[in-house]
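Me: I have a few "how do you know" questions about a structure on my screen. Could you go through them with me, setting each value against its cut-off?

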Amino acid sequence: METIRSISLFLHIVAGFIALVVGVFAFASRKGGKWHRYSGKIYVWAMVVVALSAFLLALIRYNPFLFMVGVFTFHMTITGYRGLARKQKNQSKQWDWMLIGFSVLMAGYMTVNTISNTGQSLNEFMPVVLVFTIILLAFIVKDVRIYSGLVAMSANQWLMYHITRISGAYIATFTAFLVTNVQTQPAYIAWLLPTMVGSVVIAYFQRKYKVKPKAGRKLKNRLTT
């Protein structure tokens, strides 16, 4: 078991470093361009490894915070990546529903487990875990409405969806990195700063790429290739 933990920890650190570095390049490069697509794919796969290794590490040594960040990151990364693909109407919804089911099960498990282990040494993280769970469930409810056809999504709205989800996953991962590796005074700076800065960045890119249908047709076609 200790060998599995060592391998998982190594993969988690390496993939996390790659995701944080390549993610900056993906955000900064021209959207829809060759380098954005290449760096974006590397970022997505690195984030998947980060999330899966977080699951293993959290299960081997009880850590509800790490587990919930892993679930949140996994859901946001995959739905964000799928957001571009879903602009193509012939895309199957099967994988989307499977992801929702997985995320609901993991969020439910972590909520019950967190509440039943309030006496653990990680008690100070319990409110944070529950907040992550509530935010994740809010995103899941929105996904259910979209995938059920209750909310119509244009190509540009899928692009906004993609930007929000991918950026949200990056913010969550960067927050976890700060909280576990950097001591700030006061402590809540590590929790709030990435979200504050990240929200401004997300708003900037949403405004930049939320274009009118005619003006944005060329951009949309490029992003789907």
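Me: Which residues of α1 meet α6, and what do they meet there?

Reply: Happy to help, and do keep in mind that this is a predicted model. From α1, the residues are Ala19, Leu20, Gly23, Val24 and Phe27. On the α6 side they meet Ile166, Ser167, Tyr170, Thr173, Phe174 and Phe177.

Me: How is the packing of α1 and α6 described?

Reply: By an angle and a distance, as is usual for two packed helices. Here the angle is about 145 degrees, and the axes lie 11 Å apart. The crossing of α1 past α6 is left-handed.

Me: Why is threonine 79 called buried?

Reply: The cut-off for buried is under 20% relative accessible area. Threonine 79 has 2%, so the word applies. This residue sits in helix α3. Leaving out neighbours within four places in sequence, threonine 79 is in contact with Leu99, Asp143, Tyr147, Tyr161 and Arg165.

Me: What makes arginine 165 buried?

Reply: Again the limit is under 20%, and arginine 165 has a relative accessible area of 2%, therefore it counts as buried. Arginine 165 belongs to helix α6. Beyond four places in sequence, its contacts are His75, Met76, Thr79, Gly80, Phe139, Lys142 and Asp143.

Me: How far apart are the C-alpha atoms of arginine 165 and threonine 73?

Reply: They are separated by 9.2 Å, while their positions lie 92 residues apart along the chain, counted as a separation.

Me: Is tyrosine 147 buried or exposed?

Reply: Buried: its relative accessible area is 3%, whereas exposed would require over 50%. Tyrosine 147 is part of helix α5. Setting aside residues up to four places away in sequence, tyrosine 147 touches Thr79, Arg86, Lys93, Asp96, Trp97, Ile100, Trp158 and Tyr161. For one of these, aspartate 96, the C-alpha to C-alpha distance is 7.9 Å, with 51 residues of separation in sequence.

Me: What makes a group of residues a nonpolar core, and how many residues does the largest one have?

Reply: Members must be buried residues of the nonpolar set, joined through side-chain atoms within 4.5 Å. The largest such core has 46 residues. Those with the most contacts inside it are Tyr43, Met68, Phe74, Phe132 and Leu136. At least two residues of this core come from each of α1, α2, α3, α4, α5, α6 and α7. In soluble globular proteins, nonpolar side chains tend to be buried together.

Me: Which residues is leucine 136 in contact with?

Reply: Contact needs heavy atoms within 4.5 Å. Not counting neighbours within four places in sequence, leucine 136 has Met68, Val71, Phe72, His75, Ser103 and Ala107.

Me: What is the secondary structure of the protein as a whole?

Reply: There are 8 helices and 0 strands. Buried residues are 46% of the 225 in the protein. Of the contacts with a separation of 6 or more, 75% join residues 24 or more positions apart. The exposed area is about 12600 Å², and 69% of that comes from carbon and sulfur atoms.

Me: Which element has the lowest mean pLDDT?

Reply: Helix α8, residues 213-223, with a mean of 53, whereas α2 has the highest, 90. For the protein, the mean is 80, and 83% of residues reach 70 or more. Where pLDDT is low, the predicted coordinates should not be read in detail.

How values were computed. Residues are numbered from 1 along each chain as its sequence is written. Side-chain values use heavy atoms; hydrogens and water are left out. Helices (H or I, at least four residues) and strands (E, at least two) are DSSP runs, numbered from the N terminus. Buried means under 20% relative accessible area, exposed over 50%, partly exposed in between (1.4 Å probe, protein chains only). Accessible areas come from the Shrake-Rupley method with a 1.4 Å probe; for residues, only the protein chains shown count as cover. pLDDT is the predictor's confidence in each residue, from 0 to 100. Axes are lines fitted to C-alpha atoms, for helices over the stretch in contact, and angles run from 0 to 180 degrees between N-to-C directions. A crossing is left-handed if the near helix is turned anticlockwise from the far one by less than a right angle, and right-handed if clockwise.
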